[in-house]
Amino acid sequence: MLLEGSCHCGSVRFSVESPHPYPYQRCYCSICRKTAGSGGYAINLSGLAETLRVEGSEHQGIYQAVIDGEKSSGERHFCRHCASALWVYDPSWPELVHPFASAIDSELPVPPERVHLLLDSKAPWVEVEARAGDKCFAGYPEESIAEWHQRRGLEMP
């Protein structure tokens, strides 16, 4: 599925092909919460890095969080004008890019269930709204975004 996205002010626009477009994973880590949070969490999708096309790249910035005293390899791309979080790229997985669902303008499919992850670092004021069938994890689940889609027959060409 072709995902098209943009920042709030429209300075940065992008597109990426995603075989795994269901916005099912809610991340409650402090980095997501503080850089791209909504309701205390952020939702990442999965896209094929080789298909990422960007207009207005001169307006984007990159933030690399410091985790346990070390700079993360994850590159969080954002608009330098309006601060919208756009996507995460990590050279540890060079074939992937992870757009934030909040930056996607395309119609996204509704997930049949959700996964709430990194609950061990959620803010105390956040109430997890887990529904029947949702899974909750203190850390990362073992199942990847691709595996979650594959197991449910939800991969898209």
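Begin by selecting Asn-44, which is buried, with a relative accessible area of 17%; buried means under 20% relative accessible area, exposed over 50% and partly exposed in between, for a 1.4 Å probe and protein chains only. The model is predicted: local features need pLDDT of at least 70, side-chain atom pairs count only at pLDDT 80 or more, and totals for chains, interfaces and linings use all residues. Residues are numbered from 1 along each chain as its sequence is written, and side-chain values use heavy atoms, with hydrogens and water left out.

Asn-44 lies in the loop between β4 (42–43) and β5 (47–48). Helices (H or I, at least four residues) and strands (E, at least two) are DSSP runs, numbered from the N terminus. Next, display what surrounds this residue. Apart from neighbours within four places in sequence, Asn-44 is in contact with Gln-25, Val-88, His-98, Pro-99, Phe-100 and Ile-145, where contact means heavy atoms within 4.5 Å.

Move now to strand β4. This strand belongs to an open sheet of four strands, in the order β4-β3-β13-β14, with mixed pairing; two strands pair if DSSP finds at least two bridges between them. At the edges stand β4 and β14 (135–136), each with a single partner strand, so one side of each has no neighbour in the sheet. Between β3 and β4 the pairing is antiparallel, over two bridges. To see a bridge, select Cys-27 together with its partner in β4, Ala-42.

The aromatic rings come next. Rings of Phe, Tyr and Trp (its six-membered ring) pair if their centres lie within 6.5 Å; planes under 30 degrees apart count as stacked, over 60 as edge-to-face and the rest as tilted. By this rule there are four aromatic pairs. Select Phe-14 and Trp-87, an edge-to-face pair with 5.0 Å centre to centre and 65° between the planes. This pair links distant parts of the chain, with Phe-14 in strand β2 (residues 13–17) and Trp-87 in strand β11 (residues 85–89), 73 residues apart. Both Phe-14 and Trp-87 are buried.

Then select Tyr-24 and Trp-148, a stacked pair with 3.8 Å centre to centre and 5° between the planes. Tyr-24 sits in the loop between β2 and β3 (25–27), whereas Trp-148 is in helix α2 (residues 145–151).

Finish in helix α2 at Arg-151, which is exposed, with a relative accessible area of 55%. Not counting residues up to four places away in sequence, Arg-151 touches Glu-113 and Glu-143.
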